[in-house]
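Q: I am new to this structure and would love a close look at one part of it. Could you walk me through how its pieces fit together there?

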Amino acid sequence: AMLSVVLDVGDKVNKELKTFGANITVMPKRQSVVSDLYDVSGGKSSGAYLKENELGKIKTIFWAFNVVDYTPYFNTRVNVNGDSEKVKLVGTWYAHHMSLDTGEDLDTGMINLKNWWTIDGEWLKDDEEAVMLGSLYAARNGYKVGDELSLSSEHLTKKLKVKGIYESGSDEDAYIYTTLKLAQEFADKSNVVNSIEVSALTTPDNDLARKAARNPLSLTVKEWEVWYCTAYVSAICYQIQEVITDSVAKPIRQVAESEGDILNK
């Protein structure tokens, strides 16, 4: 009984920590360089994208079963009800079903990944045309659940119903969320996303993981095998980069390091 508890407690704690969201973010190489140089994130895409049709490959890496959830984001800007000020529109998955080449079925998206958000109204469905408003944006403009908004860009104008108002406790409360497909239509794009958030069960970093994170090529053959076959966050990031074209996968350090500290204890 004691052995069962000792051997199982790490996995159970790790799964509980996953309720706090993603611990890895994936973005295009060019966008990553701009973010590093100018210390910015979540801004314009700088014309660099990841391919939407490669998202299923994340579940083909060595540590595929440790990848619990992931969801893509596509960002554009729209005018609302004829207002001259543009607002950030984010397209994503909510409860997206994927039938993978491996024969596995996966249901993933924002509902699992951001389950601490408080929602007034309902989450969106991936096949409907509607929006969710951030609590700050809704309060600032006096919008409520059930209102109809006219969203317009250079390529499209559409009237959409407000299905929910969310509170995330971050900058996202000033944004508008919709489905991935609809956000792409407003920007006249297809099969592209700006970033991916991944939630993965990981092993706390040690000296080997930190050495690999600095430069994987500095590892000896034996070190490489141990690192690649251990669920370090840096190893999972490296494997995601192998399957997603022109991508850079990085740990969300505040989350990954906090998880490591708790798991070590």
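A: Happy to, and let's begin with a pair of strands in this predicted model. Strand 9 and strand 10 (residues 157-167) run antiparallel to each other, with five bridges between them. A hairpin of four residues makes the connection from strand 9 to strand 10. If you want a spot to look for, find Ser 152, whose bridge partner in strand 10 is Thr 157.

Strand 9, residues 148-152, also pairs with strand 3, residues 67-80. This pairing is antiparallel too, and it has two bridges. You can locate it at Val 80, which is bridged to Leu 151 in strand 9.

From here, let's visit Gly 109. This glycine sits in the loop that links strand 6 (105-108) to helix 3 (110-113). Gly 109 is buried because its relative accessibility is 0%, under the 20% cut-off. Setting aside residues up to four places away in sequence, Gly 109 touches Tyr 70, Thr 71, Trp 93 and Tyr 94. His 96 is 13 residues away from Gly 109 in sequence, while their C-alpha atoms are 5.8 Å apart in space.

Our last stop is Thr 178, in strand 11 (residues 176-179). With a relative accessibility of 1%, Thr 178 also counts as buried. Beyond its neighbours within four places in sequence, Thr 178 is in contact with Leu 89, Val 90, Gly 91, Thr 92 and Tyr 94, and also with Leu 124, Ala 130, Val 131 and Ala 183. Tyr 94 is thus a contact of Thr 178 and of Gly 109.

Conventions:
Residues numbered from 1 in each chain as written. Predicted model: local features only at pLDDT ≥ 70, side-chain atom pairs only at ≥ 80, totals over all residues. Heavy atoms only, no water. Buried < 20%, exposed > 50% of the residue type's maximum accessible area, 1.4 Å probe, protein only. Contact = heavy atoms within 4.5 Å. Pairing = 2+ DSSP bridges.
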